[in-house]
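Me: I would like to learn how to read a few features of a model. Could we take them one at a time?

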Amino acid sequence: MAKSGVKVDYKILVRSAKILAELSGEETGQQPLDYLDRIGPAGSKIALLAAFHQAKLERRWDDAYRILAQYVKEHPKDAKRRRELGLLAYRSGSWGERASAIRGLNDFRQDKKAQEAFAAVSSFFKACSVSLTSRADIGRRTNLQSPASVFRHVLTSCPPTQAGNREGVVMIAPSLAGGGAERIAATICGDLSARGKPVEMAIYDVDGKTGRDPLFYLPMTGLDREDIRVLDLTAPLREPFCWLPPNLSHKSQAIHDFLMWRRPHTLYLTLDMVNLAGGFAGLLAGVPNIILHSHNQRPSDVYAGLGMEGWAAAYQALLERDEIRMIAVSQTVAEDYADWTDTRSDRIEIVRNGLDLQQLLRPDKPFLETFRSELGIPRKSLIVGTAFRFEEVKRPDLWLRMAGRVVKKRPDVHFVLFGEGALLERERLRCRDFGIEKQVHFTGHVNDLYHRLPLLDIFVLSSRSEGLPNVLLEAQAGGAIPVTFDVGGCREAMNDGVTGLLVREQSDEALARAVLKALNDPEWRRAATKAGRKFVRSHFSVNRMLSAFNRFLSAAESGVNRPIHSLGGHRTE
């Protein structure tokens, strides 16, 4: 336990305690002890702060706020933590419910961040004729939150857009880094450009902190480097953009200012953060045709604990506008968003992803043999693999527990994991704990995944949530057999029992059983490989996707509303 009066690095403290707890659990064969108990007695000052920092490390922001609020209540003289609590309340968007914490920011008159946050919330409450400080307005301000209340307040008075004196398409994505949504956006951009439609693309995430090249898919766009606009997120905020939470405010204002200058007829947005920030900005900028492209299930499932209670209502406010249309990559995603946002189904249409199959369907055998040799995998060993970002939503720890179970039955099998992310180093260490470090190979990020996927015999996804995973399609096109949990649109990306196996029980044991079933049946594997290539070629070609998108775009630009149905790929009944 840390001694009183000693400055504590809580990140190191929490991580060390967690490692000790996990080791104790491994050695005894029991469930790991509650590692926070190793730091201090439950409810003690140091234990509360450790729990708070652990919640922050795991990005469980609602839990972090709740724990810190308890701490501040018990230790009101700790000014540093009162300030942090107020800023957490501001970032959460739950401004009415957490107004008392935000009011406390006004005590920090020399703190720029605290004063900007207090001023933003105060000005929005004033616009709603509600006081942030008056006790008489407690009932009226409780339900005010951002972005939902801001969208409702601002868009209610936003006039209908006019299509005159506008031209072309502006496409906005966080970046052109190596992700599925980014590749689809780049492919659409390249097609529009090739057909002579005026198109521009803007991005904002170019700092390289993720380790991924922010312009990885630039060649697919048909544009030159100088044609990609990088949005400036540093300009001082104005109303009404300052009324949005920090994760949306600067993005929305930058998009708005770019649209006011560019004046496009159509705005294409992709991924949730851009959809919300850009949808709001596009309406204020008068863009008459705005497309939101969703690639995942509802974000509250994908990013659990991030305080997104207001996002569904914000989406709903956007989708009530005639200028807004939404595309989903799968039937499951469309139905999930319609349910989550309580939205009319004619606002969401399905355009399934498509692949350029020319490279995927022609494996380079000499290259694959060299790659296998470089990894140190014997020629006759079967290979189980995956490709994902090492983040909690992908459940890499569960994936490796599955691998550990498979090795016990089939020690000849090797495992290859493509990708990188915040949890990569933790999972490398976990392999040693499981005793499978000799069979598991981490490649990091590769720029030619399509070139390497044919090395795999079985491709396994362990995600908690998926939209329509491109990588499952790529794996089948390359000859690998998919084994995945039955989440999101995974069942639409394969033919269960024919091209791969869906696992309904969400456990490493069930996933391992399915992998072993496939490994131990070579005759079925040969048939599944052949069926998988045919399935992808028939239903998920890039031409099919682009044809579906262009039909959607033409209908949207002409103002035609159509009920929800499939415009691309195949429908799973």
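Reply: We go through the sheet, one helix and some salt bridges in turn. Keep in mind that this is a predicted model.

Me: Let us start with the sheet. In what order do the seven strands come, and is the pairing parallel or antiparallel?

Reply: Strands of a sheet pair through backbone hydrogen bonds, in either a parallel or an antiparallel way. Here the seven strands make an open sheet, ordered E3-E2-E1-E4-E5-E6-E7, and the pairing is parallel. Strand E3 (228–230) and strand E7 (348–350) are the edge strands, each pairing on one side only. From one strand to the next, the twist averages 25°.

Me: How many bridges join strand E2 to E3?

Reply: Three bridges connect E2 (residues 199–203) with E3, and the two strands run parallel. For one residue pair, take Ile203, whose bridge partner in E3 is Val230.

Me: Which strands does helix H11 lie across?

Reply: Helix H11 (residues 246–262) lies across strand E1 (169–172), E2, E3 and strand E4 (266–270). Its direction is at about 165° to that of E1. Helix H14 (residues 311–319) also packs on the sheet, where it touches strand E5 (289–294) and strand E6 (324–328). The angle between the directions of H14 and E6 is about 120°.

Me: Now a single helix. What should the 13 residues of H12 span, at 1.5 Å a residue?

Reply: The check compares an expected span with the distance between the end C-alpha atoms. For helix H12 (residues 272–284), the expected span is 18 Å, and the end C-alpha atoms are 18 Å apart, so the two agree.

Me: How many residues of H12 are buried?

Reply: The helix is mostly covered, with 11 of its 13 residues buried. Among them are Asp272, Asn275, Phe280 and Leu283. The buried set also includes Gly278, Gly279 and Gly282. After H12 comes Gly286, which has a positive phi near 80°.

Me: Next, salt bridges. How many does the structure hold?

Reply: There are 34 salt bridges in the structure. To read one, look at the distance, then at where the partners lie, then at their exposure. Asp63 and Arg66 form one, with the closest N and O atoms 3.7 Å apart. Both residues sit in helix H3 (residues 61–74), three residues apart, about one turn of the helix. Asp63 is partly exposed at 26% relative accessible area, and Arg66 is partly exposed at 48%.

Me: Where do Arg426 and Glu392 lie?

Reply: These two form a salt bridge in which the closest N and O atoms are 3.5 Å apart. Arg426 belongs to helix H19 (residues 424–434), while Glu392 is in the loop between strand E8 (383–387) and helix H18 (396–409), so the pair ties together parts 34 residues apart in sequence. Arg426 is partly exposed, at 28% relative accessibility, as is Glu392, at 40%.

Me: Are Lys394 and Glu466 buried or exposed?

Reply: Their side chains meet in a salt bridge of 2.9 Å, N to O. Lys394 is in the loop between E8 and H18, and Glu466 is in the loop between strand E11 (458–461) and helix H21 (470–477), so this pair ties together parts 72 residues apart in sequence. Buried means under 20% relative accessible area. Lys394, at 10%, is therefore buried, and so is Glu466, at 7%.

Me: Which residues do salt bridges with shared partners join into one network?

Reply: Asp397, Arg401, Arg405, Asp508 and Glu509 are joined in this way.

How values were computed: Residues are numbered from 1 along each chain as its sequence is written. This is a predicted model: local features need pLDDT of at least 70, side-chain atom pairs count only at pLDDT 80 or more; totals for chains, interfaces and linings use all residues. Side-chain values use heavy atoms; hydrogens and water are left out. A salt bridge is a side-chain nitrogen of Lys or Arg within 4 Å of a carboxyl oxygen of Asp or Glu. Helices (H or I, at least four residues) and strands (E, at least two) are DSSP runs, numbered from the N terminus. Buried means under 20% relative accessible area, exposed over 50%, partly exposed in between (1.4 Å probe, protein chains only). The expected span of a helix is 1.5 Å times one less than its number of residues. Two strands pair if DSSP finds at least two bridges between them. Axes are lines fitted to C-alpha atoms, for helices over the stretch in contact, and angles run from 0 to 180 degrees between N-to-C directions. Contact means heavy atoms within 4.5 Å.
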